Amino acid sequence: MALVNKMDKISRNVRGLHEEVEATYNVFDSKGEKYVQINTYGSKDRKEKGKVSQTIQLSEKVIKQLYEIIKKDFWKHLVN
């Protein structure tokens, strides 16, 4: 599990896409702040199907960062 409060951009080669998995998300409040939690459920070959594999929580600050990334790097692709 991880709570992400800050992200820094890095430049490095990506070797390719990871295996596709199922995911769910939840928006919740804690101590007056909003968060998004993303749960992934592992590969289709996993022994315990339906069990959460990874959980990442994103703070409002990181959600704002992601919004700016989407506007800068993806918006042209999304509106066409």
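Biologist: Which strands form a hairpin, and how many residues sit between them?
Modeller: β2 and β3 form it, with two residues between them. K31 lies in that turn and has a positive phi of about 55 degrees. Strands here are DSSP runs of E with at least two residues, helices are runs of H or I with at least four, and both are numbered from the N terminus.

Biologist: Before I go on, what am I looking at?
Modeller: This is a predicted model, in which local features need pLDDT of at least 70 and side-chain atom pairs count only at pLDDT 80 or more, while totals for chains, interfaces and linings use all residues. Residues are numbered from 1 along each chain as its sequence is written, and side-chain values use heavy atoms, with hydrogens and water left out.

Biologist: How many bridges join β2 to β3, and do they run parallel or antiparallel?
Modeller: Eight bridges join them, and they run antiparallel. Two strands count as paired if DSSP finds at least two bridges between them. One bridge links A23 to its partner T40 in β3, and V27 stands opposite V36 in β3.

Biologist: What stands opposite V36 in β4?
Modeller: L58 does. β3 also pairs with β4 (residues 54-59), in the antiparallel sense over six bridges. Further pairs between β3 and β4 include Y35 opposite S59 and Q37 with its bridge partner Q57.

Biologist: And what about β1, is it parallel or antiparallel to β4?
Modeller: β1 and β4 run parallel, joined by three bridges. The bridge partner of A2 in β4 is I56.

Biologist: What is the strand order in the sheet?
Modeller: The order is β1-β4-β3-β2, in an open sheet of four strands with mixed pairing. β1 (2-4) and β2 (23-30) stand at the edges with a single partner strand each, so one side of each has no neighbour in the sheet. Neighbouring strands are turned by 25 degrees against each other on average, direction ignored. Axes for such angles are lines fitted to C-alpha atoms, for helices over the stretch in contact, and angles run from 0 to 180 degrees between N-to-C directions.

Biologist: Which helix packs on the sheet?
Modeller: Helix α1 (residues 60-73) does, touching β1, β3 and β4. The direction of α1 makes about 85 degrees with that of β4.

Biologist: Back to single residues. Is N39 buried or exposed?
Modeller: N39 counts as buried because its relative accessibility is 12%. Buried means under 20% relative accessible area, exposed over 50%, and partly exposed in between (1.4 Å probe, protein chains only). N39 lies in strand β3 (residues 33-40).

Biologist: Which residue does the side chain of N39 join in a polar contact?
Modeller: The side chain of Q37, at 3.1 Å. A polar contact is a pair of N or O atoms within 3.5 Å; within protein, one must be able to donate a hydrogen and the other to accept it, and residues adjacent in sequence count only if both atoms are side-chain atoms.

Biologist: What else is N39 in contact with?
Modeller: Leaving aside neighbours within four places in sequence, N39 is in contact with E22, A23, T24, V52, Q54 and T55. Contact means heavy atoms within 4.5 Å.

Biologist: Is T40 buried or exposed?
Modeller: T40 is buried, at a relative accessible area of 18%. T40 is also in strand β3. Beyond four places in sequence, the contacts of T40 are V21, E22, A23, K51, V52, S53 and Q54.

Biologist: Where is the place of K44?
Modeller: K44 is in the loop between β3 and β4. K44 counts as exposed because its relative accessibility is 66%. With neighbours within four places in sequence left aside, K44 is in contact with E19 and K49. The C-alpha atoms of K44 and E20 are separated by 8.6 Å, with the two residues 24 apart along the chain.

Biologist: New topic, the whole chain. How many helices and strands are there?
Modeller: The protein chain has two helices and four strands. From the N terminus on, the elements run β-β-β-β-α-α.

Biologist: Why is the chain called more spread out than a compact globule?
Modeller: Because its radius of gyration is 15 Å, well over the 12 Å that the globule rule gives for 80 residues. The radius is taken over C-alpha atoms, and the rule is 2.2 Å times the number of residues to the power 0.38. The C-alpha trace spans about 40 × 40 × 25 Å along its principal axes.

Biologist: What share of the 80 residues is buried?
Modeller: Buried residues make up 12% of them.
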